[in-house]
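Q: Pick one pocket in this structure and take me through it slowly. Then use it as a starting point and show me what lies beyond it.

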Amino acid sequence: MKPYQISLIAISIISVIVCYNQYYYQHNAVDAVGDNSLNTSMLRMNENSNAMNGLNQSTSSSFSFNTDAPILIPLVDGYYNGTKVYFIHTETSDKSMSDMMTRMINFPTLYVPQLSSMIPEENISKVYAFTNGNSGSDPYGGGPFMFQIDVFDSIPTQKDKYSQFRVPYLVTWNENATAKVLTTEEAILQSEKNGELTIQKSGVVVNAPIIAWTDTDGETRILPTINKIFESISDSSGGVIYVSTDEYVTRIKLSPMNTSGSENIAHDDIN
């Protein structure tokens with residue numbers, strides 16, 4: 001056999017191996033996230049539809065989902081009362097914030113302009129987002145503005161105060177102040193009183209359920225069911241079937257909303 005023939009055979013074998021590896025990788029990547037690429041495409045289709053057509057006041061949507069295919073959603077970290085909490089954000093009433101959050105975690109946050117009018121003000125909690133100050137950290141480079149991560153005013157066991165629907169309060173350090181990491185609402189308000197920073201309430205509403213947190217008794221908790229995981233989809237809820245705070249992911253099983261409206265708090269272990 002001549003040298004050029006041997007070379008052609010070797011090239012053919014290498015091409016077959018490369019094609020197989022690409023096929024294997026692509027299909028296993030989809031399997032690993034429960035066909036999350038399909039879910040992501042469906043969510044983006046819904047986002048575009050909402051942006052162009054709007055949502056009616058009954059919050060119904062033409063969006064449908066495959067309840068047999070759980071969604072793998074990135075977890076975002078924040079602070080409450082000096083400890084870490086882990087949450088997701090699925091919708092927001094502001095287009096620029098929707099784009100910012102989507103870029104931040106490489107997962108779509110739906111733009112739902114009517115969200116701010118759908119949720120009564122008494123059913124809305126606070127989240128503090130920093131617009132300057134200390135540089136952010138892994139895994140996303142900080143909060144939505146790439147500075148320190150957000151601070152929450154409540155956790156799910158505080159029934160009289162907690163809501164997954166939140167208004168971001170924008171925290172900005174003053175020029176003459178020395179920025180530091182703040183991990184509680186009280187510390188933020190005290191720094192404002194001291195003239196170190198300013199707080200501005202935004203006109204935005206974000207659907208941001210907390211998934212995992214350390215409770216006031218020191219126990220690590222997981223929220224097993226999220227009613228209205230998508231406010232723009234009538235009667236939607238999500239069962240939390242997997243949480244990894246090391247990998248910053250949670251797997252959610254979509255289903256019709258729990259008609260009892262109850263939210264049992266789980267003590268499940270977190271990876």
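A: Start with a way to sort residues. Ala, Val, Leu, Ile, Met, Phe, Trp, Tyr, Cys and Pro count as nonpolar. Asp, Glu, Lys and Arg count as charged, and the others, Gly among them, count as polar. Keep in mind that this is a predicted model.

Now the pocket. The one to look at is the second largest pocket, with a volume of about 170 Å³. Its lining is made up of E121, I124, S125, K126, D153, K161, V167, Y169, E185 and K201. Sort them by class, and you get three nonpolar, one polar and six charged residues. The nonpolar ones are I124, V167 and Y169. The polar one is S125. The charged ones are E121, K126, D153, K161, E185 and K201.

Where do these residues come from? Two elements give two or more residues to the lining: β6 (125-130) and β8 (165-173). S125 and K126 fall in the range of β6. V167 and Y169 fall in the range of β8.

Take two of the charged lining residues, K201 and E121. Their side chains meet in a salt bridge, 3.4 Å from N to O. This pair links distant parts of the chain, 80 residues apart. K201 sits in strand β9 (residues 197-201). E121 sits in the loop between α4 (115-118) and β6. How open are the two partners? K201 counts as partly exposed because its relative accessibility is 45%. E121 reaches 58%, so E121 counts as exposed.

Next, D153, another lining residue. The side chain of D153 meets that of R166 in a salt bridge, at 2.8 Å from N to O. D153 lies in the loop between β7 and β8, R166 lies in strand β8, and the two are 13 residues apart. Buried or exposed? Both D153 and R166 are buried.

E185 leads somewhere else. This lining residue is in the range of helix α5 (residues 185-193). S191 is in α5 too. S191 has 4% relative accessibility, so S191 counts as buried. What does S191 touch, once neighbours within four places in sequence are left aside? Its contacts are W173, K180, L182, E196 and L197. Of these, W173 falls in the range of β8, and L197 falls in the range of β9.

Now step away from the pocket and look at the backbone. First, a general point: most residues other than glycine have a negative phi, and most peptide bonds are trans. Follow the chain past β6, into the loop between β6 and β7 (151-152), and you reach P139. D138 and P139 are joined by a cis peptide bond, with omega about 5 degrees.

Phi has its exceptions as well. N81 is not a glycine, yet its phi is positive, about 50 degrees. N81 lies in the loop between β2 (76-80) and β3 (83-87). N81 counts as partly exposed because its relative accessibility is 46%. K228 has a positive phi too, about 60 degrees, and is not a glycine. K228 lies in the loop between β13 and β14. With a relative accessibility of 37%, K228 counts as partly exposed.

Stay with K228. Its side chain meets that of E231 in a salt bridge, at 4.0 Å from N to O. E231 has a relative accessible area of 6%, so E231 is buried.

The strands on either side of that loop pair up. β13 (residues 225-227) and β14 run antiparallel, joined by three bridges. One pair to find is N227 and its bridge partner in β14, S237. β14 (residues 236-244) is mostly covered: seven of its nine residues are buried.

Last, the wider view. A search of the whole structure finds nine salt bridges. D215, D217 and R221 are linked in a network of them. The protein chain has five helices and 15 strands. Of its 271 residues, 45% count as buried. Take contacts between residues at least 6 apart in sequence: 66% of them join residues at least 24 apart. The bridge between K201 and E121, back at the pocket, spans 80 residues.

Note on methods:
Residues numbered from 1 in each chain as written. Predicted model: local features only at pLDDT ≥ 70, side-chain atom pairs only at ≥ 80, totals over all residues. Heavy atoms only, no water. 1 Å grid on protein atoms, 1.4 Å probe; cavity = no way out; pocket = protein on both sides within 12 Å on 5 of 7 lines; lining within 4 Å. Points joined across faces, edges and corners; volume = space filled by probe spheres on them. Helix = DSSP H or I, 4+ residues; strand = E, 2+ residues; numbered from the N terminus. Buried < 20%, exposed > 50% of the residue type's maximum accessible area, 1.4 Å probe, protein only. Pairing = 2+ DSSP bridges. Contact = heavy atoms within 4.5 Å.
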